[in-house]
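Let's take a walk through this one, helix by helix. Have a look at the fold before reading on.

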Amino acid sequence: MDVGAEPLSRLRSFSLSAPAIHRLAVVNAAALILIVATGATVRLTGSGLGCEHWPGCQPHHFEPRAFHSYIEFGNRLFAFLTILITLATWIFARGHRKLAAAVFFGTLAQAPLGALTVHYHLNPWFVLSHFVLSLVVLTGAVILAAVTREGTWTSLPGWVPWAGIVVGVSACVLILSGTLATASGPHPGSTVVRRVWSFQPAIYWHVRATAVFGISFALLLVWLVRHRAPQVRGALVLLGLLAVQMTIGEIQYRTHLPWWLVLVHVTVAATVRAAVTWFVFSLWRPRRMSG
């Protein structure tokens with residue numbers, strides 16, 4: 001008899017209540033937002049090569065020895081904690097284990113991707129893919145939190161969920177163009193880090209993507225408010241986050257991009273991505289076919 005089989009069997013047989021599973025899924029999504037913030041801190045402080053080896057900072061021990069190595073190693077520790085949270089969510093998310101597994105393995109894939117990023121001395125495409133994968137995994141985690149939430153179904157016209165898709169796709173373009181703008185900007189101020197594009201063209205497309213997203217979202221919001229749809233609450237939360245994000249973006253541009261303000265901007269961007277995912281999914285999940 002396999003000695004390790006019995007503890008594993010007991011773990012699988014242990015179950016959580018539906019509200020507890022939802023809370024765990026929310027913690028899971030929150031951790032994936034915070035890991036974006038810690039990763040952005042590494043980038044913006046120029047600490048990507050603070051630990052020249054992986055998983056430890058030095059060839060024969062893990063201990064960091066300088067400011068940049070503490071930041072990079074702290075990010076790795078939080079990444080490990082996030083992997084554990086996504087693993088626990090996968091184990092207990094009954095009925096949604098495929099989605100939870102995708103979130104777990106996507107988070108786990110960040111470890112070798114991070115190792116490759118360090119190995120290739122912060123190749124900009126590895127840095128960019130690191131961030132984009134974070135947002136993809138975060139999207140899955142937010143959907144997981146949404147499907148584990150108990151709620152009622154409501155009726156929506158068939159065109160409304162598709163309008164939500166337009167909002168979601170434009171939000172993806174918005175965030176990706178913002179990522180390119182950050183990767184093309186002056187941070188972390190090191191000649192080691194190459195740029196993937198020029199800053200001004202990146203800003204040009206980022207601003208225009210913001211306009212497309214803003215118009216499509218505003219039109220949908222007006223319809224939801226006029227018809228008193230239950231999705232209005234999520235839409236208003238998203239609107240508030242967008243107002244904060246646009247204010248930060250304008251201030252950081254006019255103050256020549258202080259790194260700490262860029263960090264706030266990136267963190268709020270991840271939060272906006274989570275809110276957009278929740279909002280768009282809410283338009284689809286409760287949908288009943290109507291005229």
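How many of the 26 residues of α9 are buried? Keep in mind that this is a predicted model. The count comes to 19 of 26, so α9 is mostly covered, taking buried as under 20% relative accessible area. The geometry of α9 works out nicely too: the helix runs over residues 259–284, and at 1.5 Å a residue its 26 residues should span 38 Å. The end C-alpha atoms of α9 are indeed 38 Å apart, which agrees.

You can play the same game with α4, residues 97–119. Its 23 residues should span 33 Å at 1.5 Å a residue, and the C-alpha atoms at its ends are 33 Å apart, so expectation and model agree. Among the buried residues of α4 are Ala100, Val103, Phe104, Gly106, Gln110, Leu113 and Val118. Just past the helix, have a look at His121: this residue follows α4 and has a positive phi, near 55 degrees.

Next stop, α3, which covers residues 67–92 and holds Glu72. Is Glu72 buried or exposed? Its relative accessible area is 7%, and since buried means under 20%, Glu72 counts as buried. Now find Gly39: it sits 33 residues away from Glu72 along the chain, yet the C-alpha atoms of the two are separated by 8.2 Å.

To finish, head out to the surface. Which residues form a nonpolar patch there? They are Trp162, Ile165, Val169 and Val173, and together they have about 380 Å² of accessible area. To place the patch on the fold, look for Val169 in helix α6, residues 159–184.

Terms used:
Residues numbered from 1 in each chain as written. Predicted model: local features only at pLDDT ≥ 70, side-chain atom pairs only at ≥ 80, totals over all residues. Heavy atoms only, no water. Helix = DSSP H or I, 4+ residues; strand = E, 2+ residues; numbered from the N terminus. Expected span 1.5 Å × (residues − 1). Buried < 20%, exposed > 50% of the residue type's maximum accessible area, 1.4 Å probe, protein only. Patch = residues over 30% accessible without salt bridge, like charges linked within 9 Å, V, L, I, M, F, W, Y side chains within 5 Å. Areas by Shrake-Rupley, 256 points an atom, 1.4 Å probe, with all protein chains shown as cover. Salt bridge = Lys/Arg side-chain N within 4 Å of Asp/Glu carboxyl O.
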